[in-house]
Amino acid sequence: MTPLGIAVPFVDAGLLAQLLLGALAILAAVTVTARWRSVAAGTAVVAAGLAAAATGIAALLGAQGSGLRIPIALTVTAPLDPLVLAPDRLGGLFMALAGVVVALAALFGIGYAHGPAASRTGWTAFAVFAVGMQVVPAATDAMTFLLAWELMAAGSTALLLADHASREPVRRASVWYAAMTHLSFLFLLAGFGVLAAAAGGTSWASIAAAGVTGPAATTAFVLLTAGFATKAGLVPMHVWLPRSHPEAPSHLSAAMSAAMVKMGVYGLLLLTLRLLPHGPRWWSLVLIALGAASALYGILQASVQSDLKRLLAYSTTENLGLTTTAIGVGLLLRESGQIPVADVALVAALLLAVSHAAFKSVLFLAAGSVLHATGERDLDRLGGLAARMPWTSGAFGIGALGAAALPVTSGFVAEWVLLQSLIHVPARSDRLLAIVIPITMGIVALTVGLGLLTFVKAYGIGFLARPRSTAAAAGHESGAAMRVALVVGAMLVIALGLVPGPVARALAGAVSAEGVATVGGAGLSLAAVQVVLNPVALTVLALVILVPLAAVNVVLARRYPRRDVELAWGGGGQRTGPRMEYNATSYSEPLVRVFRGPLQASQLVDVAYHDRAPLLIEQMTYTQETGDVVEERLYLPAARLGTRLGDLARTVQNGSIHRYVGFSFAALVLVLVLVAL
Amino acid sequence: MSNGVYLQLLATTTGVLLLSAVLQVWGRSTVRAIGLLVLQGTALAGLVLTVGVHAGEAAAPLVAGLVLVVKALVMPWAMLRSARVIGVTRERSARVKPAIELIGAAALTLLAYAVSGPILGDRTDPATQAVPVGVSLVLLGFWQLLVRGSAITELIGFLMLDNGIATISFLTSGGLSLVVELGATLDVLLVVLILGVLAVRLHAEQGHIDISELRELHD
Amino acid sequence: MTIGAVTVIVIHLVLAVLLSPVLIGVMRTTRARLEGRVGGGIRQPWRDLRKLLAKQPTRAPGSTPVLTLAPILLMASSLVLCALIPFVSTVALTSVPGDLFVVVGVLLLGTVALALLGLESGTAFGGMGSSRHMVIAALVEPTVLLSIYALSVPAGTSALAAIVRARLADPASLLNPASLLAIFALVVVVIAETGRLPVDNPSTHLELTMIHEAMILESGGRDLGWLELGSWLRLTALLGLVANLALPWGIAQDAAPLGLLVGVAAITGKLLLLGAALAAVEVFIAKLRLFRVPELLAGSFVLAFLSVSASYLVF
Amino acid sequence: MAIVIWIPLILPLVLGVVSGLRQRSAWTLWLPVASAAVLLGAGVVLILDVSDRGPITTADGLLRVDSLSAWMLAVVGVVAVVALWGGVPHRTDRSRNIGRFAGLLCLFLAAMSLAVAADNIGLMWVAIELTTITTAFLVGSRGGRGALEAAWKYVILGSAGVAIAFLGIVLIFAASRTGGAPSLSWVVLLAHAGSLDPTLTRAGAALAVLGFATKAGLAPMHSWLPDAHSQAPATVSGLMSGVLLSVAFYAILRIQAVADAAIGPALMRELLLAAGLLSLAVTAGLAITQKDFKRLLAYSSIEHMGLLALGAAAGGPLAIAAVLLHILGHGLVKSSMFVLSGRILGFTGSHDIADVRNLLRRRPDLGGPFLLGAAALLGFPPFVTFFTEVAIIVAGFQRGLGWQMMVACILLVVVFAGIARHVLAMTVGTDPDPEVARTLPAPPDKPARFRQVPIGIALGLCAVVGFAAWPLAGPLVAAVAALGGGR
């Protein structure tokens with residue numbers, strides 16, 4: 001009997017419902033006329049997402065299905081185990097996460113999708129992507145996993161392509177995306193291949209039962225980590241992220257950034273907790289290093305971006321980096337035998353993943369709403385939207401609070417648990433821990449600090465002050481479906497932050513962590529940590545202070561009302577034009593000075609003097625560019641090398657029949673010698 | 001047929017085969033090359049007859065006659081016709097220095113002897129001992145494809161290759177089953193005809209048949 | 001216990017609101033005297049505050065609620081800080097235990113409110129101040145968290161009250177290297193967060209060098225009053241925190257009236273002394289160039305890092 | 001049931017002769033399609049029959065259809081239907097001697113049926129070489145210097161390569177003579193595998209595989225392939241890629257089965273691994289900077305043949321089943337891709353990738369299927385190629401080919417990047433010059449629906465076949481068993 005008392009087939013029914021609803025969505029996308037297509041297909045996808053959420057939550061709470069078997073033509077023989085869908089607790093969590101995000105994104109998409117994204121292809125691709133993604137965590141064997149994984153990849157690539165089919169940046173983004181996705185897929189394929197070879201089967205159960213060790217385990221770990229890290233957008237495999245997220249339609253960006261990259265996290269957890277649970281110590285150090293580098297690099301890049309969606313994309317790298325760091329710390333501690341603190345770190349990883357899903361979907365959807373209203377995603381051309389788009393700006397604000405990890409949002413809770421796990425590492429007895437943990441702490445702290453700056457900038461420049469372009473000045477609030485999605489998402493951010501206790505307890509089950517308890521209905525208490533976190537109580541305290549303060553303010557406002565003036569700003573003098581405002585580029589300029597190296601920053605001041613009066617300046621142009629050092633130092637040389645090799649390879653096929661005969665002849669001689677030896 | 005005569009005939013026919021092959025590589029005249037092809041076909045027919053009669057196969061003269069007709073008459077005739085139509089009697093120029101061609105040919109013959117031994121194992125019957133000649137023919141035929149630039153010479157190289165395979169076939173096993181042999185012979189004949197037609201069209205298209213200039217299709 | 005904790009919180013709030021203008025007054029007066037000026041007197045901040053709160057603020061078309069909310073939020077954040085930090089007694093609510101990470105979170109809320117206000121004005125100075133303010137806040141963050149880390153290792157918890165109690169119980173630990181390094185790093189943090197010299201000059205009105213002042217340049221009347229009071233409260237809270245961490249003597253361990261009285265006296269004394277000392281030091285140093293501030297913060301980060309390592313490896 | 005074997009051999013011949021006689025009649029164009037349908041029908045009937053009653057033998061043992069042959073016959077049939085139906089030219093652009101063209105296609109199909117139905121390596125060789133002859137004219141049928149050059153290279157390289165295979169067959173026959181049962185029949189050779197002369201078998205099998213690798217388009221014997229595929233009419237390219245290469249690979253599989261039984265799997269494995277990896281490497285190197293989309297498709301065929309070779313090298317039931325399924329999937333997709341490329345060529349008038357831009361918007365009827373087909377070629381689900389690719393790699397790892405599979409994975413990434421880049425440039429890239437886009441001829445006003453049907457069928461089949469446990473699993477298992485269980 002399951003804890004919920006749900007009958008066993010619920011999970012199976014839920015899985016089946018997702019697949020059927022997905023099919024229904026595709027059917028709707030193909031058959032319904034353009035006018036009602038978004039509504040019909042979008043509703044079906046929302047339903048599929050909700051089904052996934054329900055199924056996932058049931059599985060997270062312990063419900064088990066008997067397994068949904070996929071029939072394939074390839075005769076199922078060793079080492080290929082049957083293809084079965086049956087989420088475990090961890091899988092349930094990620095399925096629920098994906099489902100909620102998909103439901104939000106699709107709901108938003110009903111109002112948002114236009115042009116190619118609302119075409120037959122667009123909605124079909126979105127449905128394939130959504131269902132594929134929801135099913136990934138339900139896979140119980142490598143083939144099913146890869147199948148769902150590739151459906152997710154194919155759907156998202158197709159949708160990415162569908163939007164603005166004739167814009168050059170989209171094509172370039174989609175080539176990057178497709179190539180990196182396939183790289184990830186082949187890493188995974190090779191990794192699972194190694195595991196299947198060592199274990200004699202492809203199902204998780206048989207791999208776990210085989211207890212693979214030695215070089216096979218190491219190879220598999222390296223390959224699979226590389227594959228999952230690519231999907232999770234970790235440095236140095238993050239390059240597809242800041243290219244594809246901005247170009248994708250916003251509901252897809254939201255789903256990709258909030259849910260799809262999480263499948264990389266799920267994979268890492270699956271790998272390190274279930275498939276190869278007894279890895280050596282350096283595995284966890286690899287994860288910590290990957291995570292810390294991604295966190296710091298991601299947020300550093302995010303803080304200097306002026307493209308809103310690109311900023312959010314880099315911030316995804318940061319958050320996934322933090323999550324990976326938490327996983328690494330958890331594994332390091334498990335390996336050191338510090339189980340209670342390790343459990344806290346793992347719960348922190350899950351909380352980070354869940355909270356990121358919540359706030360990042362809100363942020364991307366709000367960015368989509370801005371894009372929808374103004375056609376701009378360049379912060380340098382936005383501004384003043386808080387007055388014009390109150391719902392959007394409110395939702396973005398809450399999302400930004402979450403992303404900046406401020407109380408009382410989900411982001412704060414997640415980072416609180418991560419920090420608590422770090423400071424409670426019993427490092428006195430272990431020199432390695434005594435070095436690694438403080439460094440990790442420092443990096444996490446710097447990340448948090450820069451995150452604050454990033455989101456103050458994003459919100460302050462994008463939504464406050466005065467519009468910096470006519471498009472921004474013409475901004476208007478979005479339609480009902482989009483608003484509902486935004487509000488629900490923002491409420492999730494707050495709700496997860498207000499009641500961390502029950503959330504964390506449910507998550508703890510997914511990684512079988514002990515010592516996570518609820519206090520006072522909402523608060524969170526961790527056995528390994530001697531402090532409780534009760535955001536509700538904190539909120540009450542703050543309200544107790546705030547209410548009298550507000551009352552005093554109201555009284556004062558009655559007595560001394562505000563004066564409406566035409567020229568309040570600009571030192572009380574002349575109204576400054578929008579071009580005089582601080583913009584996103586100038587906002588991050590001090591930071592660029594500090595981190596010139598890793599940002600590949602170049603600044604150029606171009607001064608044009610007056611013709612006849614050389615001391616007078618006619619015009620000044622300031623250009624600041626930042627680049628991605630990983631892309632410039634790693635990928636572009638690799639691409640150039642590839643092209644050069646390609647040119648070299650062309651001499652193989654230079655058209656000379658004598659050369660071709662020579663190949664055949666050489667092969668003949670070689671084979672003759674070979675068989676004669 | 002006594003063993004001595006058998007050995008003598010075997011040695012003569014295979015010797016003529018090898019000789020004609022080396023002469024092919026040496027010479028540059030197309031007409032003479034076709035003549036050598038006739039010689040080669042005749043020697044091959046002789047070999048077939050010798051091996052067949054020695055093995056006591058009744059169909060041996062028939063098969064030998066077929067070989068003679070196809071390899072020594074029809075194919076050379078077809079080629080000669082193509083060559084006449086095109087009007088080429090000599091290759092335009094050497095792609096590779098003649099010395100290198102010959103040194104290569106010698107090396108390949110040695111290679112043929114070197115690899116044949118291990119492949120054939122410890123068998124000692126005289127026919128098997130002559131197999132390296134067939135392998136040399138194959139390799140030299142390929143060599144011809146590799147170093148010659150004229151369409152007709154390439155064709156001759158291909159036929160030499162085919163003669164080599166036939167030699168090996170008769171020396172090791174007295175030939176395959178009749179259906180297969182017939183089919184294979186027909187195929188080769190058709191290939192030669194097609195190549196002849198193509199060579200004529202090549203000449204019509206570009207005024208010469210130097211195939212090393214066929215380099216329009218490339219990457 | 002709960003009633004005691006509530007009493008302590010109320011005392012904290014009242015004390016902070018009453019004490020912070022006095023603290024500012026003492027600091028300004030000290031500075032004025034050392035510079036050979038007369039100064040406005042210790043009660044001048046009070047008078048300023050009363051004047052500001054009774055003035056009408058202005059509003060321009062197109063302004064957002066941030067204009068009204070940010071000052072209140074800064075105030076609320078500073079007041080919650082004062083409620084959470086153990087000034088007088090180590091008694092705390094069990095459900096809101098004054099966890100250092102929560103304290104930092106609340107502090108940062110105030111920081112963000114100020115930064116958004118700076119951007120809201122839409123002027124170049126506001127944005128500039130906001131930008132510099134946030135860069136410093138971001139770079140300070142590692143030092144803050146690592147100092148907390150260092151301080152919480154011996155106590156085994158990040159709850160402030162427990163840390164202070166542990167330090168009180170083991171006075172020897174106050175002078176060990178880990179503790180000294182951490183306190184020093186924390187002092188740098190407080191200076192940076194509250195905008196004191198050498199990071200920012202609180203009394204400057206030269207636009208190009210200012211940080212804090214630039215953000216509130218456009219505010220007036222009641223808004224400015226709240227902003228000033230909020231900033232003073234922040235300074236009070238953070239100085240009080242450093243004071244009680246460095247010199248925990250005199251703080252009450254329970255909510256008994258006598259202990260509380262002693263605690264009030266002790267913290268008042270410590271704060272005023274510390275404030276005077278800070279002001280005295282400020283007289284002798286100049287403001288750093290903005291782009292050398294990161295170096296200062298990097299130094300403090302190294303100190304904090306060493307203190308953590310020291311707490312593990314040395315002792 | 002022996003008569004069913006004769007139908008796919010005789011009927012296409014008859015139809016070929018008919019179309020050769022009625023050169024001017026337009027309906028002759030449909031005769032090859034009918035021949036292909038006959039092949040398909042015969043294949044399906046034979047699959048069912050063989051699964052009930054075991055292999056069927058006729059013509060004195062020269063022809064024998066077991067489950068593998070029946071599978072191949074059906075695959076050849078369905079792929080040929082797609083390629084030929086899709087390639088039927090529209091009424092307005094038919095040349096005069098369509099009858100000869102159709103006749104040659106019918107002959108080609110007859111030869112293919114003979115190759116898979118023959119229980120004799122020699123006869124199979126004859127059949128495969130016959131295809132060289134028929135296709136030589138087809139490749140060169142467009143005329144012009146390029147077609148002539150391609151045909152010349154194709155015939156010379158193809159014949160010389162296949163001659164090597166004949167040498168190998170001769171040696172295998174010699175090996176069987178030593179063993180006391182001189183025969184070229186699969187059944188006999190497999191039954192007496194233990195008594196074959198090992199050194200001769202070794203040399204024979206190696207040379208035979210090398211020779212057939214030429215026709216299968218495996219590197220380093222692949223050189224003819226890009227030229228021939230790019231110059232041949234689209235239908236012929238599709239047939240060569242989807243049918244001819246596969247049948248040649250079928251020959252390799254048969255020889256591998258015999259060799260594995262006689263001398264153990266080491267030699268064949270090494271050869272196939274080398275060929276497979278080399279093929280992937282060639283594609284990887286030449287796809288990146290490719291400029292011609294038909295050549296790109298040709299290289300993609302080399303890549304897929306390389307994958308098949310890797311699968312055969314791995315061996316084992318999983319890999320062999322995957323190989324057989326992959327032959328079907330690849331054939332379906334590649335033939336439709338070539339048909340589409342022919343239409344693209346008709347639309348833009350150029351082979352150059354650079355001249356084809358933004359197809360998805362300009363000609364969605366071409367761009368959409370082209371993109372889908374490319375996804376299938378690159379191994380995206382739900383297309384069957386996904387399952388087979390994964391199964392081949394996993395089986396490879398399981399059979400101890402660890403590092404080779406890693407190398408294969410790396411090469412596959414490069415291949416993917418190269419092909420994806422070009423296909424995306426063709427389907428979604430911006431128009432090179434807006435003026436050019438405007439002056440291009442408007443989409444030809446042709447009834448497109450009917451011509452889309454075969455492509456839809458092919459891509460649809462490819463998408464669902466992967467999930468068709470019933471009815472495909474049974475025939476697949478039987479076909480693998482016919483190869484000796486894929487040791």
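Which radius of gyration does chain B have, and does it agree or disagree with that of a compact globule of 219 residues? Chain B has 18 Å, which agrees with the value near 17 Å for such a globule; the radius is taken over C-alpha atoms, and the globule rule is 2.2 Å times the number of residues to the power 0.38.

This is a predicted model, in which local features need pLDDT of at least 70 and side-chain atom pairs count only at pLDDT 80 or more, while totals for chains, interfaces and linings use all residues. Residues are numbered from 1 along each chain as its sequence is written, and chains are lettered from A in the order in which they are written.

The C-alpha trace of chain B spans about 55 × 35 × 30 Å along its principal axes. Chain B holds 8 helices and 0 strands, where helices (H or I, at least four residues) and strands (E, at least two) are DSSP runs numbered from the N terminus.

Turning to chain A, 54 of its residues are in contact with 67 residues of chain D, contact meaning that C-beta atoms, placed from the backbone, lie within 7 Å. Four helices of chain A each supply at least two residues of the side that touches chain D:

| Helix of chain A | Residue range |
|---|---|
| H5 | residues 142-162 |
| H6 | residues 168-199 |
| H25 | residues 629-650 |
| H26 | residues 657-676 |

H6(A) gives the most to this side, with 16 residues.

Val101(A) touches, not counting residues up to four places away in sequence, Ala254(A), Ala255(A), Ala258(A), Ala259(A), Ala357(A) and Ser361(A).

Methods
Contact = placed C-beta atoms within 7 Å.
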